[in-house]
Amino acid sequence: MENEEVVPAQEPLFEIEETPFVPIANKEIDYIGALEGFVLVILICMILLGIVKRMSN
């Protein structure tokens, strides 16, 4: 334990700004947005699957 060096206090690389937590009063789920996202993911998967099938032929 004799070889311990004293490390100077280092400044943080970036400052963390605290943001106030705003509770959301609206408890409803955005079903239309969720459906749009689901359809978008399915479309992307189908396009990728088509590309993979063409590349394998």
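This dialogue reads the helix and surface of a predicted model.

Reader: How many helices and strands are in the chain?

Author: The chain has one helix and zero strands. The helix, α1, covers residues 31-56.

Reader: What span should the 26 residues of α1 have, and what do the end C-alpha atoms give?

Author: The expected span of a helix is 1.5 Å times one less than its number of residues. For α1 that comes to 38 Å, and the end C-alpha atoms lie 37 Å apart, so the two agree.

Reader: Is α1 largely buried or in the open?

Author: Buried means under 20% relative accessible area. Zero of the 26 residues of α1 are buried, so the helix lies largely in the open. Across the 57 residues of the chain, the buried share is 0%.

Reader: Which residues form a nonpolar patch on the surface?

Author: The patch consists of L35, F38, V39, I42, L43 and M46, with about 590 Å² of accessible area together. M46 sits in α1. Exposed means over 50% relative accessible area; M46 has 56%, so M46 is exposed.

Reader: What does the chain expose in total?

Author: About 6800 Å², of which carbon and sulfur atoms supply 65%.

Technical notes
Residues numbered from 1 in each chain as written. Predicted model: local features only at pLDDT ≥ 70, side-chain atom pairs only at ≥ 80, totals over all residues. Heavy atoms only, no water. Patch = residues over 30% accessible without salt bridge, like charges linked within 9 Å, V, L, I, M, F, W, Y side chains within 5 Å. Areas by Shrake-Rupley, 256 points an atom, 1.4 Å probe, with all protein chains shown as cover. Salt bridge = Lys/Arg side-chain N within 4 Å of Asp/Glu carboxyl O. Helix = DSSP H or I, 4+ residues; strand = E, 2+ residues; numbered from the N terminus. Buried < 20%, exposed > 50% of the residue type's maximum accessible area, 1.4 Å probe, protein only.
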